[in-house]
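Welcome to this guided tour. Please have your viewer ready, with a cartoon view switched on and a way to select residues by number.

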Amino acid sequence: MIPLTQSPSTRVLKPWANVPPKQWDDWHWQLDNRLNSVEELEQIINLTPEEIQGLTAKDKFRVDITPYFASLIDPDDPLCPIRRQVIPLGRELVDFVGMQEDSLAEDEHSPIPGLVHRYPDRVLMLVTTHCASYCRYCTRSRLVGDFQQTFKKNDLERQLDYIRQAPQIRDVLLSGGDPLTLSPILLDYILSRLREIEHLEIVRIGTRVPVFLPQRITDEFCNMLRKYHPLWINVHINHPKEITPELSAALAKLADAGIPLGNQSVLLAGINDRLDIQQELLLKLVKNRVRPYYIYQCDLVKGAGHFRTTVARGMEIVEGLRGHTSGYAVPTYVVDAPGGGGKIPVMPQYLISQGVNKVVLRNYEGYITTYYEPEDYDPHLIDRAQPLTDIRPEIGQEGVSGLLQGKAKAIKPQGYDRTHHRGDRPVQES
């Protein structure tokens, strides 16, 4: 058992037993007292040889753990789900098949530093390389935690200018690093500048700060955020043990400020890749007014090899969720495609077969039924209705939907026509 003493706000480990509650609840103090060395962690954890190997590795990804999050670790269990997410292991440095430094090809989709424009109508703004604590499976470990790569004010201004000049952008996601580690003044500035852009409709923030540092979510901070609605926040909670009274209080403050909350988790081997763990996590999220949004297949990024599961495992978990609990408690299971293809939803097959004016479907119990489709449906009837919005151009990104709408006859890989060229006729790439 963890040696604990009680504080009015939280559990406190012995090394901090004499820290006044007011200081413990100060998010600045939490950041200033993060643990990152063998010597510091040995005070609260019985480290294994492989953990010591990971902590002393020369080229390791950055380690920083807030005292609050460290207080959730079981010091005697190397398989503790909290512990495994933040304490490095020697096997982090082992290469694996398919491993990539930038597995999502974000750099290839960055027209300017820190801004990723992969989808037609939305962009990702990387506003910092700092996090409150560092997840060992981090997708952006190539730059996160490296203070030399921190985005400067000039970089942020260039990102804002790009958005201003691209009227097709309606949605911006702030990420990094973690945007909620920025100074309140700087975050307020970024949000205010974004809200001045007329064509921008939605601002989203991706953060793990409420999990690592719930003390950061103060009433004053929430009052600042609520000025910039519509504002959405996705948190990152992987295991039900992360949902403490402190986290619940932080989530309640954000929800009470009118901010819709979603959760993005990662499927992690030995941490949450079992149905009962996922069920408990998802139901606790809903109780805290957090909508399960995505569960990601772990990326092919350096350091994450030992966290990866098979896709079949993820499908098995989704099969055990759909129909067995409320639909709004079931996240979309996605593979963020290596090479920059974006998020691909993966799910069990419920459409068994299709015939003339009928489809055969099955439910979660295996019940199979026939749904009869209308024989007199006119898909062109709606064409006479007045358009409600202007269709934003998506030149070159219409995808499969474009084929269904008749905008193209085929989607061909680059060089397809040249590869299949026969004879002396000139090649006409299309």
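Where is T129 found? Select T129 and look at the chain on either side: T129 sits in the loop between β4 and α7. Keep in mind throughout that this is a predicted model.

**Stop 1: around T129**

Is T129 buried or exposed? Its relative accessibility is 0%, so T129 counts as buried. Show the side chains around T129 to meet its contacts. Setting aside neighbours within four places in sequence, T129 touches Y134, L143, V144, G145, D146, F147, Q149, T150, F151 and G177.

**Stop 2: the sheet of nine strands**

Now zoom out and colour the strands. You should find an open sheet of 9 strands in the order β3-β4-β5-β6-β7-β8-β9-β10-β11, and its pairing is mixed. Which strands are at the edges? They are β3 (115-116) and β11 (342-345), each of which pairs on one side only.

Start at the β3 edge. Strand β3 is joined to β4 (residues 122-126) by 2 bridges, and the two run antiparallel. Select L115 and look across to β4, where M125 stands opposite.

Next, move along the sheet to β7 (231-235). How many of the residues of β7 are buried? The answer is 4 of 5, so β7 is mostly covered. On one side, β6 and β7 run parallel and are joined by 5 bridges; select V203 to see L231 of β7 opposite. On the other side, β7 and β8 also run parallel, with 3 bridges between them. Select V235 here, and its bridge partner in β8 is N263.

While you have side chains on display, here is a general point to look for: in a regular strand, the side chains alternate between the two faces of the sheet.

**Stop 3: helices α7 and α8**

Select residues 184-195 to highlight helix α8. Why does the length of α8 make sense? At 1.5 Å a residue, its 12 residues should span 16 Å, and the end C-alpha atoms are indeed 16 Å apart.

Which residues of α8 are buried? Colour L187, I190, L191, S192, R193 and L194 to see them. These buried residues pack against several elements, namely β4, α7 (153-164), β5 (171-175), β6 (202-207), α10 (219-225) and β7.

Add α7 to the selection. The axes of α7 and α8 come within 11 Å and cross at roughly 20 degrees, which makes the two helices roughly parallel. The contact is made by K153, L156, E157, L160, I163 and R164 of α7, together with L186, Y189, I190, R193 and L194 of α8. If you turn the view to look at how α7 passes α8, the crossing is right-handed.

**Stop 4: helices α12 and α13**

Return to the sheet and select residues 275-287, which form helix α12. Helix α12 lies across β8 (261-267) and β9 (290-297), and runs at about 145 degrees to β9. Then select residues 311-321 for helix α13, which packs on the sheet and touches β8, β9 and β10 (332-337). The direction of α13 makes about 160 degrees with that of β10.

How do α12 and α13 meet? Their axes come within 10 Å and cross at roughly 55 degrees, so α12 and α13 are oblique to each other. This crossing is right-handed. To see the contact, show L275, Q278, Q279 and L282 of α12 with I317, G320 and L321 of α13.

**Stop 5: the sheet of three strands**

Which order do the strands of the other open sheet follow? This sheet has 3 strands in the order β12-β13-β14, with antiparallel pairing. Strands β12 (351-355) and β14 (368-372) stand at the edges with a single partner each, so one side of each has no neighbour in the sheet. On average, neighbouring strands here are turned by 20 degrees against each other, direction ignored.

Look between β12 and β13 (residues 358-362): 4 bridges join these antiparallel strands. Select G355 to find its bridge partner in β13, K358.

**Last stop: D417**

Finally, select D417 in helix α15 (residues 416-419). With a relative accessible area of 16%, D417 is buried. Now add I217 and draw a distance line between the two C-alpha atoms: D417 and I217 are 200 residues apart in sequence and 56 Å apart in space.

Methods:
Residues are numbered from 1 along each chain as its sequence is written. This is a predicted model: local features need pLDDT of at least 70, side-chain atom pairs count only at pLDDT 80 or more; totals for chains, interfaces and linings use all residues. Side-chain values use heavy atoms; hydrogens and water are left out. Two strands pair if DSSP finds at least two bridges between them. Contact means heavy atoms within 4.5 Å. Axes are lines fitted to C-alpha atoms, for helices over the stretch in contact, and angles run from 0 to 180 degrees between N-to-C directions. The expected span of a helix is 1.5 Å times one less than its number of residues. Buried means under 20% relative accessible area, exposed over 50%, partly exposed in between (1.4 Å probe, protein chains only). Angles under 35 degrees count as roughly parallel, over 145 as roughly antiparallel, 65 to 115 as roughly perpendicular and the rest as oblique. A crossing is left-handed if the near helix is turned anticlockwise from the far one by less than a right angle, and right-handed if clockwise.
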